[in-house]
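Visitor: Could you take me through one part of this model up close? I'd like to hear who touches whom and what is tucked away, in plain bench talk.

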Amino acid sequence: SKTSLVVRHFIQNVSQRYEYFYNSVVLIVRVQTMIKNNKIDYDDDFNLWWWTVSSYLAFFLLLIARFVVPHSGEMFHWKPNERRRRFAMNHRICGAMHLLVLVFGGVHLMLLSSYNTSSSFTSSSMSRLAVVAFDLVLGLSGILVTRTAVKDFGKLHSRVRERRTKSSGVLHETKTVATEEMEEHFFYQMVNLTQVLYLHFCETCDGKNTRTLALVLSTWSIWRYRDRFPVNSFSRNYEGGENGRWFESVENFLYRAKKWQYVFYKTCLLHGLNVSSAIFGSSRSSSSKTTTILTTHGERFQLYWLCLNASYVMEFFLQTLVKKKYGTQSNALLMNQFLMVVSSLSAFPVVVHRVHPIAFVAALALNFLNRKQETANVCLTCVACVVFDRFVKI
């Protein structure tokens with residue numbers, strides 16, 4: 001009958017819309033079950049951490065199996081029967097390399113803890129050097145993939161806002177990323193590399209004064225170039241009624257959520273974490289085991305760092321898949337939301353154990369009271385933490 005056909009069509013549309021979400025949940029459960037069966041010792045946040053690493057791997061397994069493998073020839077290879085290179089081939093190669101680095105990092109974390117070798121991993125100086133090398137490769141590959149995007153697409157995207165509307169963004173199906181956004185993204189990739197190298201340095205240095213000096217120098221060395229890169233406001237992507245109000249479209253809600261997620265990242269996980277590492281050391285936990293796994297070369301921080309770097313590039317990649325008709329807009333938005341949740345979960349142990357509340361509160365207040373003065377704000381946050389550490393005893 002006509003009613004049964006309508007119901008059947010509705011069920012089919014719903015099942016297709018949430019197909020990737022369902023598959024990701026199945027992958028999470030299977031990966032987590034496999035790992036937990038091999039795990040002997042549990043710490044307080046074991047389940048949270050394993051749900052996060054399982055979700056991270058499930059995201060990339062789904063991405064590769066559903067999108068990359070079926071379309072790898074069109075994405076990364078030369079055109080068939082032709083001797084000329086595909087357009088933006090440098091960016092394609094760098095993107096494939098960065099994707100492999102992100103997947104390798106997640107698989108390595110899974111295997112590392114599955115065989116219960118985290119203790120030997122974090123105590124070995126050679127393994128620590130390997131983690132520093134991996135973080136360096138991850139940072140450089142992120143810089144390369146954004147730099148090649150600017151070079152290959154910069155001219156084509158240079159007049160996006162002038163030709164269409166004031167907004168661009170990477171979440172809307174009909175929008176195109178502006179060159180200014182790619183250039184700003186390139187700057188923050190350099191910030192990532194600077195931060196992780198600084199955090200590794202802090203763990204090899206026992207002197208608080210030396211760590212504080214390194215903090216000031218690293219902050220000044222990168223943020224002094226901020227004026228050379230465009231500043232793109234998140235509000236430009238949801239103001240003007242193009243995407244509706246708060247809950248009138250998923251894109252509009254995600255743009256607003258990403259804005260405050262960025263504010264939290266900048267004040268807590270960037271400046272707050274850097275200042276806390278300089279003044280209070282690598283971890284505020286009293287447990288030696290927790291302190292070990294939360295160091296920059298420990299598994300908890302490495303998972304957070306992988307999720308952060310994945311979040312920086314995946315929204316661009318997912319938009320490309322939609323524009324190339326490899327995937328649908330609804331699935332891209334679901335995967336964006338999924339990765340946002342996974343990244344937030346991975347940051348939780350770092351925020352709790354490594355970021356001092358005073359450092360976060362001071363950085364947050366200065367972010368609004370003394371805008372665009374990052375080096376001065378970091379110095380003032382250091383002063384607030386030193387005063388608190390000396391005169392306030394809890």
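Guide: Let's start with tyrosine 265, which is buried: its relative accessible area is 7%, and the cut-off for buried is under 20%. Keep in mind as we go that this is a predicted model. Tyrosine 265 has a partner in tyrosine 262, and both sit in helix α11, 3 residues apart, or about one turn of the helix. Tyrosine 262 comes out as partly exposed, at 23% relative accessibility. So one tyrosine of the pair counts as buried, while the other lands in the partly exposed class.

Now for the rings themselves. The structure holds 15 aromatic pairs. Tyrosine 262 and tyrosine 265 make up one of them, a tilted pair with 6.4 Å from centre to centre and 45 degrees between the planes. The two also belong to an aromatic cluster, along with Phe186, Phe187, Tyr188, Trp223, Phe229 and Tyr312.

Staying on the same stretch of chain, have a look at phenylalanine 264, which is found in helix α11 too. With a relative accessible area of 33%, phenylalanine 264 is partly exposed. Setting aside neighbours within four places in sequence, phenylalanine 264 is in contact with Leu269, Val351 and Phe360. The Phe360 contact reaches along the chain: phenylalanine 264 and phenylalanine 360 are 96 residues apart in sequence, yet 8.9 Å apart in space, C-alpha to C-alpha.

Next, the helix-to-helix view. Helix α11 covers residues 250-279 and helix α16 covers residues 374-391; their axes come within 10 Å and cross at roughly 50 degrees. That angle makes α11 oblique to α16. The crossing is right-handed. On the α11 side, the contact is made by Lys266, His271, Val275 and Ile279, and on the α16 side by Glu374, Val378, Thr381, Cys382, Cys385 and Val386. Sorted by class, that contact has 6 nonpolar, 2 polar and 2 charged residues.

One more piece ties in here. Threonine 219 is found in helix α10, residues 208-223. Threonine 219 counts as buried, at 4% relative accessibility. Leaving out residues up to four places away in sequence, threonine 219 touches Glu374, Thr375 and Val378. You've met two of those names already: Glu374 and Val378 are among the α16 residues that make the contact with α11.

Key. Residues are numbered from 1 along each chain as its sequence is written. This is a predicted model: local features need pLDDT of at least 70, side-chain atom pairs count only at pLDDT 80 or more; totals for chains, interfaces and linings use all residues. Side-chain values use heavy atoms; hydrogens and water are left out. Axes are lines fitted to C-alpha atoms, for helices over the stretch in contact, and angles run from 0 to 180 degrees between N-to-C directions. Helices (H or I, at least four residues) and strands (E, at least two) are DSSP runs, numbered from the N terminus. Angles under 35 degrees count as roughly parallel, over 145 as roughly antiparallel, 65 to 115 as roughly perpendicular and the rest as oblique. A crossing is left-handed if the near helix is turned anticlockwise from the far one by less than a right angle, and right-handed if clockwise. Contact means heavy atoms within 4.5 Å. Ala, Val, Leu, Ile, Met, Phe, Trp, Tyr, Cys and Pro count as nonpolar, Asp, Glu, Lys and Arg as charged, and the others, Gly among them, as polar. Buried means under 20% relative accessible area, exposed over 50%, partly exposed in between (1.4 Å probe, protein chains only). Rings of Phe, Tyr and Trp (its six-membered ring) pair if their centres lie within 6.5 Å; planes under 30 degrees apart count as stacked, over 60 as edge-to-face and the rest as tilted.
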